[in-house]
Amino acid sequence: MSDEILLSADVEEQAESADAFGNAAFIEKHAGPGRIGLCGGRDWINKLIRKAQSPLTVDGHRSLWSHAFMFSERRIDGRWWVIESDLDMRYKQIRLGVQENRVERYYDAEAFPNIAILDFGLDEDQIRKVQIAGLDLLSGLSSYSISELVGTLMAMHSSRLRKRSNLLAKEGALYCSALVQHCYAAAGIEFLPGVPGKNIAPHDIDESPLPHRTHRIIRDLGVSTVRELAHSARAMLPASLGGD
């Protein structure tokens with residue numbers, strides 16, 4: 001299977017060739033205040049989160065996405081800054097929870113082969129509201145909630161639990177996609193009506209039924225080598241039997 005997959009484009013979704021755009025150029029082209037970023041990483045933590053969302057995918061494969069963040073604004077330094085809730089262990093120290101970072105951390109296409117930017121068509125007032133909600137979380141030093149993430153993963157296997165409050169919810173704590181939903185709720189937007197914000201996964205934001213435009217580069221579909229071989233074997237079996 002090719003490492004670079006170009007999805008079919010339509011009015012609401014645009015896939016871009018990874019040959020034409022690296023992550024940096026892609027982000028610079030499509031970033032905007034209040035827009036949402038999604039990424040799918042290749043390290044073991046990101047793969048684990050992607051795999052855990054397989055109950056939400058149509059084919060049962062792992063999700064394309066492991067992390068969600070929100071674009072804040074382009075600052076005086078000329079760089080795009082994002083607000084996110086994350087486990088950051090890059091600099092021999094651990095940062096947990098809501099933080100503000102330059103978007104350059106997602107320029108590495110090897111570490112983040114899948115990248116998307118979603119535009120829900122926010123007006124100026126809505127953009128201001130989601131930005132303020134993000135800054136409020138940042139000033140309050142909200143923590144990253146591993147327990148809430150576990151609660152969300154548990155709920156993915158039950159439509160009943162998905163519609164209930166997160167069983168492991170904690171006050172003052174949010175994981176990545178729950179943070180994005182929290183900020184958008186300030187503008188009156190629920191990505192998946194009927195599903196509480198602390199049960200929203202990155203895959204849910206991508207699959208939201210609300211009108212939005214998606215720009216994406218996909219280099220890793222999330223199909224394991226073992227599964228690829230199994231599919232190939234099943235496809236060849238009928239032909240082999242027919243030949244006999």
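These legends go with close-up views of a predicted model.

**Figure 1. The whole chain, before we zoom in.** The chain holds eight helices and seven strands. Of its 244 residues, 47% are buried. Take the contacts with a separation of 6 or more: 69% of them link residues 24 or more positions apart. The accessible surface adds up to about 12,300 Å², and carbon and sulfur atoms own 57% of that.

**Figure 2. Helix α1 and what sits over its buried residues.** This helix covers residues 23–30, and its buried residues are Asn-23, Phe-26, Ile-27 and His-30. Look down the axis of α1 and those buried residues fall within an arc of 95 degrees, so they line one face of the helix. The spacing fits a general rule: an α-helix has 3.6 residues a turn, so residues three or four places apart point the same way. Among the elements covering the buried residues of α1 are three strands, β3 (67–74), β6 (114–119) and β7 (213–217).

**Figure 3. Strands β6 and β7, side by side.** The two strands run antiparallel and are joined by five bridges. One pairing to look for is Ile-117, which stands opposite His-215 in β7. Four of the five residues of β7 are buried, so the rest of the structure largely encloses this strand.

**Figure 4. Phe-69 and its surroundings.** Phe-69 belongs to strand β3. Its relative accessible area is just 1%, which is under the 20% cut-off, so Phe-69 counts as buried. Setting aside neighbours within four places in sequence, Phe-69 is in contact with a run from Arg-35 through Ile-36, Gly-37 and Leu-38 to Cys-39. Val-82, Ile-83 and Glu-84 also contact Phe-69, as do Val-103, Tyr-106 and Val-180. For a distance to check, the C-alpha atoms of Phe-69 and Glu-100 are 9.9 Å apart, with their positions 31 residues apart in sequence.

**Figure 5. Ser-66, a buried polar side chain in a loop.** Ser-66 is in the loop between α2 (44–52) and β3. With 3% relative accessibility, Ser-66 is buried. Which side chain makes a polar contact with that of Ser-66? The partner is Asn-46, at 2.5 Å. Not counting residues up to four places away in sequence, Ser-66 also touches Cys-39, Gly-40, Gly-41, Ile-49, Arg-50, Gln-53, Cys-176 and Pro-202.

**Figure 6. Helix α6, mostly under cover.** Eight of the ten residues in this helix (176–185) are buried. They are Cys-176, Ser-177, Ala-178, Leu-179, Val-180, Gln-181, Cys-183 and Tyr-184.

**Figure 7. The largest nonpolar core, and a second one.** This core has 30 residues, and the members touching the most others are Ile-36, Leu-179, Val-180, Tyr-184, Phe-191 and Ile-205. Two or more residues each come from β2 (36–40), β3, β6, α3 (124–139) and α6. Helix α6 makes the largest contribution, with five residues. A second, separate core of 14 residues includes Phe-69, Trp-80, Phe-112 and Ile-217. As a general tendency, nonpolar side chains in soluble globular proteins are buried together.

**Figure 8. Tyr-184 up close.** Tyr-184 is one of the buried residues of α6. Leaving out neighbours within four places in sequence, Tyr-184 contacts Gly-34, Arg-35 and Ile-36, along with Met-70, Phe-120, Leu-122 and Val-130. Ile-189 and Phe-191 complete the set of contacts.

How values were computed:
Residues numbered from 1 in each chain as written. Predicted model: local features only at pLDDT ≥ 70, side-chain atom pairs only at ≥ 80, totals over all residues. Heavy atoms only, no water. Buried < 20%, exposed > 50% of the residue type's maximum accessible area, 1.4 Å probe, protein only. Contact = heavy atoms within 4.5 Å. Areas by Shrake-Rupley, 256 points an atom, 1.4 Å probe, with all protein chains shown as cover. Arc of directions from axis to C-beta. Pairing = 2+ DSSP bridges. Polar contact = N/O pair within 3.5 Å; in protein donor to acceptor, adjacent residues only side chain to side chain. Core = buried A, V, L, I, M, F, W, Y, C linked by side-chain atoms within 4.5 Å.
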